[in-house]
Amino acid sequence: MSLNVRNEDTRPFAKTMFLEGRLDTNTAVAFDTELDTMLESPIKVLVLDLAELEYLSSAGIRSLYRAQKLMKARAGKTLIVNPRPSVKKVFDIVKAVDLSSVFASVKELDDYLDVIQQKGETE
């Protein structure tokens, strides 16, 4: 199975990448290419929606970690939403992904982003 990636502008400062299929050795390069293209725009928040991601290998973990590292270098954040239980278990085991940036639902993510925006308006 392959990886399908769909990108969407979700907020003025954020973009979401929807991943469907497998993020593994065979598809990590395609994900990295999509990520590099997305990062050509001046975003502050990258949301990775994993609701349709069926499988995550160590190569996929490296790609997700790379996304976090690149966003951190530009003073941004990478947030993960809707991981399936099998993918969440990989995160729990490997501990390579910042689990404080993993959200169980889009509502939980939206609540978090609203707080960030409110802080920005008062600072």
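**Strand pairing, cores and salt bridges in the predicted model**

Arg6 has Phe18 in S2 as its bridge partner. This pairing is a handy place to enter the structure, which is a predicted model. Another pair in this part of the sheet is Val5, which stands opposite Leu19 in S2. Strands S1 and S2 run antiparallel and are joined by eight bridges, with S2 covering residues 14-23. The turn from S1 into S2 is a hairpin of two residues.

On the way to S3, the direction of pairing changes: S2 and S3 run parallel, and nine bridges hold them side by side. Here Arg22 is found opposite Tyr55 in S3. Taken as a whole, the sheet is open and has five strands in the order S1-S2-S3-S4-S5, with mixed pairing. S1 (3-11) and S5 (102-103) are the edge strands; each has a single partner strand, so one side of each is left without a neighbour in the sheet. S2, for its part, is mostly covered, as seven of its 10 residues are buried.

Stepping back to the whole chain, the secondary structure comes to four helices and five strands. Following the sequence from its start, these elements appear in the pattern β-β-α-β-α-β-α-β-α. Two of the helices can be placed against the sheet. Helix H2, made of residues 58-73, lies across S2, S3 (45-56) and S4 (77-81), and runs at about 175 degrees to S3. Helix H3, made of residues 85-94, lies across S3, S4 and S5, at about 110 degrees to S3. S3 and S4 are thus crossed by H2 and also by H3.

The chain has 123 residues, and 42% of them count as buried. Its accessible surface comes to about 7000 Å², with 53% of that area belonging to carbon and sulfur atoms. Contacts often reach far along the sequence: among those between residues at least 6 apart, 68% join residues at least 24 apart.

Attention turns next to the nonpolar interior. In soluble globular proteins, nonpolar side chains tend to be buried together. In this model, the largest nonpolar core has 24 residues, and the members with the most contacts inside it are Leu19, Leu23, Phe31, Leu46, Leu48 and Phe91. Strands and helices both contribute, since S2, H1, S3, H2 and H3 each supply at least two residues of this core. Apart from this core lies another, of seven residues, including Phe13, Val47, Leu79 and Phe103. Leu48 gives a good view of the surroundings of one core residue. With neighbours within four places in sequence left aside, Leu48 is in contact with Met17, Leu19, Phe31, Leu64, Thr78, Leu79, Ile80 and Val81. Leu19 therefore appears both in this list of contacts and as the residue opposite Val5.

Charged side chains add a further set of links, and a search of the whole structure finds six salt bridges. One of them involves Arg22, the residue already met opposite Tyr55. Arg22 pairs with Asp24, and their closest N and O atoms are 3.0 Å apart. The two partners differ in their cover: Arg22 counts as partly exposed because its relative accessibility is 26%, whereas Asp24, at 7%, counts as buried.

A second salt bridge brings together the side chains of Arg66 and Asp32, at 3.7 Å from N to O. This pair links distant parts of the chain, with Arg66 in helix H2 and Asp32 in helix H1 (residues 28-38), 34 residues apart. Arg66 has a relative accessible area of 28% and is partly exposed; Asp32 is at 19% and counts as buried, because the cut-off for that class is under 20%.

A third example joins Arg84 to Glu52, with the closest N and O atoms 3.5 Å apart. Arg84 lies in the loop between S4 and H3 while Glu52 is in strand S3, so the pair ties together parts that are 32 residues apart in sequence. Both partners are partly exposed, Arg84 at 28% relative accessibility and Glu52 with a relative accessible area of 41%. Finally, salt bridges with shared partners join Asp32, Asp36 and Arg66 into one network.

Methods: Residues are numbered from 1 along each chain as its sequence is written. This is a predicted model: local features need pLDDT of at least 70, side-chain atom pairs count only at pLDDT 80 or more; totals for chains, interfaces and linings use all residues. Side-chain values use heavy atoms; hydrogens and water are left out. Two strands pair if DSSP finds at least two bridges between them. Contact means heavy atoms within 4.5 Å. Axes are lines fitted to C-alpha atoms, for helices over the stretch in contact, and angles run from 0 to 180 degrees between N-to-C directions. A salt bridge is a side-chain nitrogen of Lys or Arg within 4 Å of a carboxyl oxygen of Asp or Glu. Buried means under 20% relative accessible area, exposed over 50%, partly exposed in between (1.4 Å probe, protein chains only). A nonpolar core is a set of buried Ala, Val, Leu, Ile, Met, Phe, Trp, Tyr and Cys residues joined through side-chain atoms within 4.5 Å. Accessible areas come from the Shrake-Rupley method with a 1.4 Å probe; for residues, only the protein chains shown count as cover.
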